[in-house]
Every structure is written in structure tokens, then in C-alpha cells.
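This report looks at how a group of strands is arranged, then at one helix and at the cysteines.

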Amino acid sequence: MENLLKQPIMKTRDLTKYGLKDTNAHWNLSPEKLQAITIEKGMGKETANGTLAVNTGKFTGRSPQDRFIVKDDYTKDRVWWGKTNKAISPENFDLLQTKITDYLSGKEIYVRDAYVCADPAYKTNVRTVTELPWSNMFVYNMFLRLDESELENFEEDWLVLCAPGYVEADPKKYGLRQGNFSLLDFTRKIALIGGSAYTGEIKKGIFSSLNFVLPVEKNVLPMHCSANVGEDGDTAIFFGLSGTGKTTLSADPTRKLIGDDEHGWTADNNIFNFEGGCYAKVIDLSEEKEPDIFRAIKPGAILENVVFKDNGEVDYMDSSITQNTRVSYPIYNIDNIQVPSYAGNPKNIFFLTADAFGVLPPVSKLTPGQAAYHFISGYTAKVAGTEAGITEPVPSFSACFGEPFMPLHPTVYAEMLSKKMQDAKVNVWLINTGWSAGPYGTGSRIKLKYTRAMITAILKGGLDHAEFAQHPIFGLFMPKTCPNVPNEILDPMNTWADKGNYISKSIQLAHSFHLNFEKFASEASEQIIEGGPLIDEHHHLNDHV
């Protein structure tokens with residue numbers, strides 16, 4: 001009888017079907033055990049409070065130029081091929097998979113069975129095979145965890161093979177750019193990672209796969225956003241690129257966090273978290289600025305590429321390894337979370353942008369057309385000093401607030417969002433967490449307490465009956481008053497000393513929006529195109545004003 005019980009476990013744990021031979025495989029080890037092995041092997045060290053810290057080596061961020069999708073009958077007419085989604089042939093994928101499995105064969109490896117998509121209707125099992133123990137611990141933190149009984153007859157929907165030590169010696173032969181690569185095969189549902197130990201490649205590989213599979217096969221809109229829910233079950237979602245305040249603003253003591261980065265919006269109107277953890281930036285981190293993240297850094301979390309002070313404590317100000325210092329931790333390290341991590345239809349959607357030109361209103365309400373237009377645009381601005389050579393603000397656009405992870409054409413996601421917003425009668429708001437009273441260098445950053453006050457007012461219905469004025473260039477609807485926010489900052493033109501300068505900067509930014517949108521225009525509906533700035537590319541006001 002005992003043998004019969006063991007058989008299904010042995011069968012599901014057969015790695016030879018993937019081409020892995022003679023491995024010393026460790027299955028589903030606890031984070032404590034994985035941390036101990038990492039320290040023992042000299043691959044990491046512990047901080048003063050016992051948190052594991054590792055260095056990811058050559059790559060301290062994703063390498064979007066080295067991400068490829070298998071082009072076959074299933075993907076060739078569906079994927080938005082181009083700079084973001086580069087093609088690799090099924091034959092070359094096979095050859096590289098064989099090279100990775102040969103490389104891992106005979107080695108000590110770590111296997112983790114977990115799942116993504118918190119809504120049971122969309123549960124997707126993922127088996128991850130990693131060369132490094134701490135990569136496996138990262139998967140424990142970031143994916144959703146199964147209990148012992150669910151592990152017995154586990155069968156994966158997706159397989160991830162992660163071999164940071166395998167660098168392809170002849171990349172051109174396989175259609176690669178260089179020796180490292182992240183490859184996705186949607187037909188066989190396999191993700192291959194070679195040559196990079198940056199853990200975000202694992203997370204974003206599975207996120208990219210869901211961004212294709214969920215809309216194509218399940219009619220679910222995948223979103224690069226954070227989400228929280230109030231006591232009355234009212235869900236809010238926050239889109240925004242790095243540095244716009246997505247994690248900060250969704251952490252609200254009066255609301256429960258659903259998740260901080262990746263969600264789905266179902267056909268039957270649920271918002272669910274893809275993940276079981278958070279992967280937060282920690283550069284300049286302090287307990288005052290980000291109390292939730294700061295307190296979540298404890299044993300079980302993994303810090304990446306941080307620098308230590310002489311006393312063994314982490315120096316969060318030190319960016320000498322990278323600006324992109326990170327921590328991963330299981331979501332239960334945050335106190336105020338929604339369990340399980342899904343909730344009903346959103347009542348409000350926030351698009352966050354850090355406008356370093358200082359021209360966008362701190363809060364404005366969007367029409368459905370404007371919402372789709374700004375979603376496709378995914379605007380923020382890089383400020384001087386964040387990258388070498390940048391001396392004044394530079395507009396930065398990332399379609400759907402997550403272009404590097406979107407295998408389909410951005411208008412597919414935008415049309416889905418637009419339809420869902422209208423069906424759910426959701427309000428969409430553009431929140432500028434950037435500059436006021438002038439651009440970066442002249443004006444000042446909008447106070448966080450004011451941004452929080454605007455979001456709180458919206459969530460409590462405080463702007464439901466507000467009077468709005470239309471922005472003359474962007475067409476956005478700006479409230480004339482907002483509880484706990486000075487009226488004079490609500491219309492950005494009021495905050496500039498030189499009104500003429502404000503208008504010319506606004507036109508300059510509107511022009512950038514138009515130039516960026518040209519590549520999407522052929523696929524966009526009339527309603528979406530009309531959601532753009534009211535000024536056309538020749539600096540004339542459009543007829544429909």
C-alpha cells in the first residue's frame with residue numbers, strides 16, 4: 001500500500017522527460033533550507049537581521065533586447081513582432097533547450113512546483129528548475145504556494161528552465177544577439193533562461209506568457225498594475241511605470257493590498273493577483289518613506305545587489321552596484337493583505353505618471369477614449385540625472401504601462417480595457433505624481449500628502465459631484481476643488497510664473513504624445529485617436545474641441 005502511495009509522486013517528479021539526466025534534484029525545499037544552502041555555498045550573506053542578500057552578477061536588471069518568442073503557426077499572426085517581441089525559430093529553441101538540459105544534467109539542481117493566478121478559475125501550474133538555490137527561493141516568494149497535498153500529483157502547465165551559468169558561445173548561429181537569452185515557446189509552454197542570474201527574468205517570463213495566453217485563450221485582460229480593496233469591497237487599480245508611485249500609493253492602511261505588480265481582470269469581473277509576492281525597488285529605502293516594504297525585509301526575503309556598511313547593515317542609499325537594487329518577499333510579509341488575493345470589479349482606475357515637464361494636472365478625469373489613449377501611450381518622464389547624458393526631462397512611453405512584457409499589439413489590451421471600463425462603469429483618473437510650478441529643476445515635486453489626499457477623495461466619492469474644467473491642450477477634465485488639496489495647484493497653469501512658457505511646454509509634450517502614437521494609429525479606433533491631446537502635430541487645435 002505504501003508503495004502505491006509513493007508511485008504518483010515519483011511519476012510527477014520524473015525530470016528525464018525534459019532531457020535532464022543524472023541530476024541531484026532538490027524538490028520544494030523550504031526557504032530556510034535554501035537560504036542555508038546559499039550561505040554554505042558562499043553565494044550570499046545575511047544582513048544584520050538575518051535577511052539573505054545576493055549579487056546577481058553581470059546582469060542587475062532584465063535584458064529586454066535578449067528576449068525572443070518562438071514564431072510558429074500559433075504565434076505568427078498573433079504576436080506583435082518588432083523591437084519588443086523578437087522571433088526565434090522552433091528549431092533554434094529546441095537546440096538551445098537541449099544545450100541547457102545537457103548543461104544542467106549531472107548537476108545539483110533545485111525544483112519548485114508552484115502556481116500563478118490567484119483566481120481558482122485561472123490557476124496555472126508552473127514547474128521551475130533552477131541551477132541556483134536562491135533563484136528557487138525567489139520562486140517560492142514570487143509565485144503562489146501549494147500545500148503538500150497539491151504537490152503529490154502536480155502537473156505543470158508551464159515549465160521554466162533557468163541556467164544562469166550557461167552562456168551560449170555562438171549566439172549568432174541560433175539567431176541570438178549575445179550569450180544570454182530569455183525565450184518563450186507558447187506552443188510547448190516552456191520558458192528558457194540562460195546566461196543571466198537576474199531573478200526578474202523568471203518573474204517577467206511567466207508574466208509575459210500570461211499576457212499572451214489570458215487574452216487569447218481566456219478573455220482575461222492582463223495588467224501591469226497594483227491593486228487594493230476597501231472595506232466595502234470597492235477595488236482600485238494603479239497603473240504606472242517605475243518611479244511613479246505604484247507601490248507607495250497602493251499601500252494604504254485603510255485598504256487591503258491585492259498585489260503590487262501584475263493582475264488579471266476577468267470576463268466575470270474579478271481582479272486577481274498573478275503572484276504570491278512582491279519584488280520592490282529598495283534604492284533610497286527608509287522606514288519613513290516606505291514602512292511596509294522596509295518592515296517586509298526580514299528572514300525569508302531576498303535582497304539583490306545591495307551594499308553593506310561596515311557594521312553589517314544595508315546601505316540603501318548606495319547605488320554603486322546598480323540603481324535597480326531589489327527585494328523579493330512573500331506577500332504575507334505585508335500586514336494588510338487581501339486573502340485570497342482577488343476581489344470584485346474596480347470602481348476606480350488610476351494611471352500614474354511622474355511628469356517632469358510640470359504641465360499635466362495633478363489629477364484629472366478621463367473619458368473612455370482618453371483612458372484608452374493614455375493607456376496605450378503609457379507616459380512618464382525621465383528626469384535629469386537618472387541616466388547618463390540626460391540634462392533635462394525626456395518623455396518616456398511604454399505601451400500599456402508594460403510594453404516589454406506585452407506579446408500582443410497594444411491596441412488589443414486597450415480595446416479590452418476600454419470595453420471593461422464601460423461595462424463596469426469605472427472611473428479612470430490620470431494622476432501626475434511629478435512636477436508642479438515648472439519643470440524638473442525649476443518647479444517642485446507635487447507633495448505626496450496632496451497626491452494621497454486626491455486618491456482618498458476619489459475613493460470616498462469626494463469628487464463624484466465636483467465641477468470640472470477642461471485642459472486647453474490635453475483636453476483632460478480637471479476638478480476645480482478637491483478635499484484637503486489647495487485649489488490653486490489643481491490647474492497646473494496657475495502654478496507657473498510664466499503662462500506663455502507653460503503653454504509652449506504643454507504643446508511640446510503634446511507633440512511628443514502624437515509622435516509616439518503614430519505607430520499605433522493604424523490599429524486604433526476613432527474614439528481612441530480622439531482621446532489624445534486637442535492640439536494636432538502642427539500645433540493647431542483640433543476641430544472637435
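## Strand pairing, a helix and the cysteines

In this predicted model, strand 9 and strand 10 form a hairpin with four residues between them, and K189 in the turn has a positive phi of about 55°. The two strands of this hairpin run antiparallel and are joined by five bridges, with S182 having I193 of strand 10 as its bridge partner. Strand 10 also pairs with strand 8, here in the parallel sense and again over five bridges, and I193 is the bridge partner of C162 in that pairing.

Strand 8 in turn pairs with strand 7 in the parallel sense over five bridges, where V126 stands opposite W158 of strand 8. Strand 7 is further joined to strand 6 by seven bridges, the two running antiparallel, and V111 is found opposite V129 of strand 7. The pairings are set out below.

| Strands | Sense | Bridges | Example pair |
|---|---|---|---|
| Strand 6 (residues 108–116) and strand 7 | antiparallel | seven bridges | V111 and V129 |
| Strand 7 and strand 8 | parallel | five bridges | V126 and W158 |
| Strand 8 (residues 158–163) and strand 10 | parallel | five bridges | C162 and I193 |
| Strand 9 (residues 181–185) and strand 10 | antiparallel | five bridges | S182 and I193 |

In a regular strand the side chains alternate between the two faces of the sheet. Strand 10 (residues 190–194) is largely enclosed by the rest of the structure, because five of its five residues are buried; I190, L192 and G194 lie on one side, A191 and I193 on the other. Strand 7 (residues 124–130) is mostly covered as well, with seven of its seven residues buried, and both of its faces are covered, T124, V126, T128 and T130 being on one side and N125, R127 and V129 on the other.

Helix 6 (residues 200–218) has 19 residues and reaches 25 Å from its first C-alpha to its last, which is close to the 27 Å expected at 1.5 Å a residue. This helix is mostly covered, since 16 of its 19 residues are buried, and just after it N219 takes a positive phi of about 55°.

How many disulfides does a search of the whole structure find? The search finds zero. For C225, the closest cysteine sulfur is that of C400, at 12 Å, which is too far for a bond, given that a disulfide needs the two sulfur atoms within 2.5 Å. C400 is likewise in no disulfide, its nearest cysteine sulfur being that of C225, 12 Å away. C225 is buried, with a relative accessible area of 0%, and C400 is buried with a relative accessible area of 1%.

Methods:
Residues are numbered from 1 along each chain as its sequence is written. This is a predicted model: local features need pLDDT of at least 70, side-chain atom pairs count only at pLDDT 80 or more; totals for chains, interfaces and linings use all residues. Side-chain values use heavy atoms; hydrogens and water are left out. Buried means under 20% relative accessible area, exposed over 50%, partly exposed in between (1.4 Å probe, protein chains only). The expected span of a helix is 1.5 Å times one less than its number of residues. Two strands pair if DSSP finds at least two bridges between them.
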